Each structure stands twice: as structure tokens, then as C-alpha cells.
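Here's a quick briefing to read alongside the model. Have the viewer open and follow along.

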Amino acid sequence: MEKRIELEKRGRDPGEIREFVLDNCRSTNIVGLTDEFVSLEVLSLINVGLTSLKGFPKLPNLKKLELSDNRISGGLNLLHTSPKLTTLNLSGNKIKDLVTLQPLNEFKNLKCLDLFNNEATSMDNYREKVFSLIPSLRYLDGFDMDDCELEDSEGEDDEVNGNEDEEDIANDEDSEEVSDEEDEDDMDDGRVCLETVYKDDLEDDSDEADYLGEEEEEDDDDDNDDDEQEEEEEESSPARGKKRKHEDGGESGN
């Protein structure tokens, strides 16, 4: 266990560590875990092989303790050095009776207790007796006194929940701001589209006007051509008349 503790510390100051996981390291009692871990709030010792809690350190800020799948049969009074404990998991151990659980009566903040796969769960009126023994207890083996199942949000520290709520609110506000920005972008896109349509219509009208202007110019050109042709015909007609008269004179002379 001592080697595992050094490994999990990762060079950190023990007094700054808030969560420590030592699952599956092999030891029959607590070794190497000292009172230096004053900030520790979560400690996990699942499937370590503990037969007792001898050597358990003073952890004044510990709130959640995982001790499932060990061989603990007593000595729960050694946990009294962690008065802020709110969640305790002792499932899969060797606890046989209510007397063994008696020390848990001292915990005023204990809300969640798990005793699955312990012999004590087979006693008569097991749930009623445990709830009576620990007045602060709200959930036993995942259910409250009315057999309502424990929700994920239950059992968490109020302060932690408060921080999470503030973060959720902040995230919601950020989402609203992003949504507002997207709406503004959509409105801008709408304005651009309308401007484009209006511009296209104006260009179409301009093209049509140009086309009509060209037609009018062509008509004017045609009219001018007709006038010139008529003038040419008028100019040429006296000459033709003179020629015809000359010809007529010649015939009469003959």
C-alpha cells in the first residue's frame, strides 16, 4: 500500500490532495496513509483485502469513503476521526450484526450507507433497525425509508452541489448569449438576402430599360433610312421625267 500511495501522490503535497484512489492494492490494514492528507474529501479502498481499519488516519474533511469488497468485520469506531463523513460504502464485507454498526451512531452527517452482501442484512427488520440506529441516515443500500431509490444527485455535498448549480447557470447564460448572437447573424443574413434580391430586381429593370432604349434607337434608325430613301427618289424622279420627255420629243420629230 505504501508504494501505491507514493505512486498516486504523483509528487503532490499530501495536504493539497482532495481525492485519493487506492483500489486493488493489497494490504490487510492501513499503512502509509497519514494525517498529512488534511484536505482529503474522497478516499477509495475497494478490494484491498482489509481485515480491519487499524491505522486509519485522522482525515477531518473526509466526506466519502469507499470500503467495499474487503473483509472488515468490526472496528468502525476507528472512523470517528472523520466526523464530516456523509457517504460510507461497506458492501461486500464481514459485518454480521447491529452491534458492529453501533459506532456509526456517532456520525451526525452520515446520509448514505451501503451494506450489500453483509451478513447483517439478513437480520429481522434490518432496514428499520439501521435507520433507527443512525438518525441522520437518509439512504440505506440505495433506498430511503419509503423505498424510494437514491438519485445520482443525492448524497453529494451541499457546497459541491451549489458550485455545480452556479456553473450550470453560467453555462445557461453563455448558451443564451450564443443563441442571441446566432439570431443576430440570421437577421443579418436575411438583410443580405433581401438586399441581394432588391439589387437583382434593379439590375433586371435596368437591363429592360436598356433593351427598350436600343429598340427605340433601332426604330429611329429605320425611320431615318426611310426618309433618306424617299428624298433620293424625289431627287431622281425629275431626271427620269426629263429623260422621258426627251425621248418623246425624239419620236415626234421622226
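In helix H3 (residues 126–133), Tyr126, Arg127, Val130, Phe131 and Leu133 are buried, where buried means under 20% relative accessible area, exposed over 50%, and partly exposed in between (1.4 Å probe, protein chains only). Look down the axis of H3 and those buried residues fall within an arc of 160 degrees, so they line one face of the helix; the arc is taken from the directions from the helix axis to the C-beta atoms. Over on the other side of H3, Glu128 and Ser132 are exposed.

Some ground rules: this is a predicted model, in which local features need pLDDT of at least 70 and side-chain atom pairs count only at pLDDT 80 or more, while totals for chains, interfaces and linings use all residues. Residues are numbered from 1 along each chain as its sequence is written, and side-chain values use heavy atoms, with hydrogens and water left out.

**Overall layout**
- The protein chain has four helices and six strands, taken as DSSP runs numbered from the N terminus (helices H or I, at least four residues; strands E, at least two).
- Along the sequence, the pattern reads α-β-β-β-β-α-β-α-β-α.
- Of the 254 residues in the protein chain, 28% are buried.

**Salt bridges**
- The whole structure has six salt bridges, each a side-chain nitrogen of Lys or Arg within 4 Å of a carboxyl oxygen of Asp or Glu.
- Arginine 127, on H3, has a salt bridge to aspartate 147 (3.8 Å, N to O). Aspartate 147 sits in the loop between strand E6 (139–140) and helix H4 (158–253), so the pair ties together parts that are 20 residues apart in sequence.
- At 54% relative accessibility, aspartate 147 is exposed, whereas its partner arginine 127 is buried.
- Arginine 18 and glutamate 41 also pair up through their side chains in a salt bridge (3.0 Å, N to O). This one links distant parts of the chain, 23 residues apart: arginine 18 is in the loop between H1 and E1, glutamate 41 in the loop between E1 and E2.
- Glutamate 41 counts as buried because its relative accessibility is 18%.
- Within helix H1, lysine 9 bridges to glutamate 6, with the closest N and O atoms 3.5 Å apart. The two are three residues apart, about one turn of the helix, and lysine 9 is buried at 16% relative accessibility.

**Charged surface patches**
- Asp13, Glu16, Asp35 and Glu36 make a negative patch on the surface. Patch members have over 30% relative accessible area and no salt bridge, with like charges joined within 9 Å.
- Glutamate 16, from the loop between helix H1 (2–9) and strand E1 (19–21), is exposed with a relative accessible area of 60%.
- Arg26, Arg71, Lys94 and Lys96 form a positive patch.
- Arginine 26 belongs to the loop between E1 and strand E2 (42–44), and is exposed at 55% relative accessibility.

**Two more spots to click on**
- Buried or exposed: which is asparagine 93? Asparagine 93 is buried, with a relative accessible area of 5%, and lies in the loop between strand E4 (87–89) and H2. Its C-alpha is 9.7 Å from that of glycine 74, 19 residues apart in sequence.
- Valine 99, in helix H2 (residues 98–101), is exposed with a relative accessible area of 65%. The C-alpha atoms of valine 99 and alanine 120 are 9.7 Å apart, with their positions 21 residues apart along the chain.

Definitions and conventions:
Patches are made of residues with over 30% relative accessible area and no salt bridge: like charges are joined within 9 Å, nonpolar side chains (Val, Leu, Ile, Met, Phe, Trp, Tyr) within 5 Å. Accessible areas come from the Shrake-Rupley method with a 1.4 Å probe; for residues, only the protein chains shown count as cover. Lys and Arg count as positive and Asp and Glu as negative; His and the chain ends are not counted. The place of a charge is taken as NZ of Lys, CZ of Arg, CG of Asp or CD of Glu.
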